[in-house]
Each structure stands twice: as C-alpha cells, then as structure tokens.
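Here are my notes on the ligand site and the pocket around it. Have the model open while you read.

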Amino acid sequence: MSRFYESLSQRKGFAVLVDPDKQDAQQLGQLAASFEGAAPDVLLVGGSLVFCPVGDTIALLKECTDIPVYLFPGDATQLSDRADGIFFLSLISGRNPEFLIGNHVVAAPHLRRSGIDVIPTGYMLIENGHSTSVEYISNTRPIPFGKTDLAVATAMAGELLGLKMIYLEAGSGAAKTVGIDMIAAIRKAVSVPLVVGGGIRSVQDAENVYNAGADLVVIGNRLEEFPGQIREFAALRDRLNGA
Ligand code: 1GP
C-alpha cells in the first residue's frame, strides 16, 4: 500500500476536493499558493458530473505542488494516469450495479496499465435533508440520516468484502455533515480508515467529525469560497496530531 494510505491509520488528515469545471489555471495556481504552510494531505480531483478532462487539471496541479493527487471519479470517464492514485469508489449504499461494479470493469484495464495507487473504497451516501447531485446522477437513494444501524451494517459489509476504506458522503454542499453518532458507530464497527465529506464548513464541523472517528476529512465548496480558511483546517489537523 502507498505511503498516503498508510498515513491514514497513523494520523489525521485533510483533503481538498478540486472540481475541474470550477477551477481554471489561474485559480489552481492560487489554490496551490494557499498550501504554503498549510498543506493538505491529499488533493482529490473529480465529481459526480465533470465536463473538463481531469488530466488537464491534474497536470496543472502537478506544476505547482508536490502534494499527492488522487482521482475521486464520478464514473469511468474521469480517469488519468497523471494522478498518483484513485479512490476506487464502489457506491455500496446504493443498488445501482453500474456504480457497484459496472464502471469498475471499464476502468480496471486502464488502472492496471497506469500503475497508479488504487484504494478500493466503500462509498456511502448519507441523506442530509436535500437531494444531492451524486444521488441524482448515480440514481441511488442515500441511507436515511438517522438509520445508524443500516449504515453500520453497510460499512461492515464493505470491509468484509475487502474494501480498504469507507467514505461517508453527505453530498457536496450539503446543509449538514454526516451525523456524529453515525460516524462514531461506524468507527467502532470497522477498522479500515474512515473518510468523511460533504458540508464541512467550519473548523468546529471538522473537529466534530475527527473526534467522532474520521481519519480523513474532505473539504470542497468552503475552500473554493474562502481559500484562506485552509490555514485553520491545517492548524486543527496539526493540533490533533500533536504537532
Ligand atoms: C463532496 O465530500 C465532498 O464529495 C466535499 O463536499 O463541497 O460540501 O465540502 P463539500
């Protein structure tokens, strides 16, 4: 396994999600400049529906930062061997075979050829009160917000199937994060690294999610609006890691 994957079970981390459709070369340069003294652990590139080639965005990022870049693909069109790795997402909260195995069959030969780091990831969409892009595009229903037992059983099934990471997703721009009780229950039930994203806007949101058991917190929209806030998220991560 990669150094990045190993780090997830050793220390808290945070990821910045980059949407290729929203960031041009100048904005990516500004984003990379904001990492000075506040470096995220990983950059994720992708989304439910992306029109610009993800490889172009990755190439631009690679020109200005050494931080590992992982694909966070909405489907098999969002692949690039310029990435360092991929969160190979299986949408285990849903019942759409295309997002459980279909896209993976299309992607597998490309991934083998590219040799990038593949992290098999159980991707779980959790209801947050509003319909989300990923829910619409994947044509799946999220796990209801309060159904912790269902979420725990789903995460357990993912781990027993051999998935190496569980990603709890409230949806990009969600009004509220995945519930703290649900995160804590899943943390107790599985031993693989836990990623939590969607609707994290404040350092307090991030701290709550970390304290519940998240190993990696993903932040997208908030840093597009307020890039300078990355310093606060980095300081929180460093404080929790005793740095
Ligand atoms: C979405 O978890 C990510 O897939 C990030 O969500 O844009 O709400 O931070 P936000």
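**Notes on the ligand site**

1. Start with the ligand's neighbours: 14 residues surround it, and E169, G173, G199, G220 and N221 come nearest. "Near" here means that a residue has a heavy atom within 4 Å of the molecule. Keep in mind that this is a predicted model, where local features need pLDDT of at least 70, side-chain atom pairs count only at pLDDT 80 or more, and totals for chains, interfaces and linings use all residues. Residues are numbered from 1 along each chain as its sequence is written, and side-chain values use heavy atoms, leaving out hydrogens and water.

2. Next, the polar contacts (pairs of N or O atoms within 3.5 Å). The side chain of E169 has an N or O atom 2.4 Å from a ligand oxygen. For S172, a side-chain N or O atom is 3.0 Å from an oxygen of the ligand, and for Y167 a polar side-chain atom sits 3.1 Å from a ligand oxygen. The ligand taken alone exposes 310 Å², and the protein buries 96% of that (Shrake-Rupley method, 1.4 Å probe).

3. What is the make-up of the shell around the ligand, by class? It has 5 nonpolar, 8 polar and 1 charged residues, with Gly counted among the polar ones. The strands β6 (165–169) and β8 (216–219) each supply at least two shell residues; strands are DSSP E runs of at least two residues, and helices are H or I runs of at least four.

4. The ligand takes up the space of the largest pocket, whose volume is about 840 Å³. A pocket is an open set of points on a 1 Å grid over the protein atoms alone, where a 1.4 Å probe fits, with protein on both sides within 12 Å along at least five of seven lines; lining residues have an atom within 4 Å of a point.

5. That pocket is lined by 49 residues, and G47, S48, F72, Y123 and S172 lie nearest its centre. Elements giving two or more lining residues include α4 (97–114), α5 (133–138) and α9 (221–225). The largest share, 5 residues, comes from β4.

Terms used:
Polar contact = N/O pair within 3.5 Å; in protein donor to acceptor, adjacent residues only side chain to side chain. Sits in = over half its atoms within 2 Å of the grid points. Points joined across faces, edges and corners; volume = space filled by probe spheres on them.
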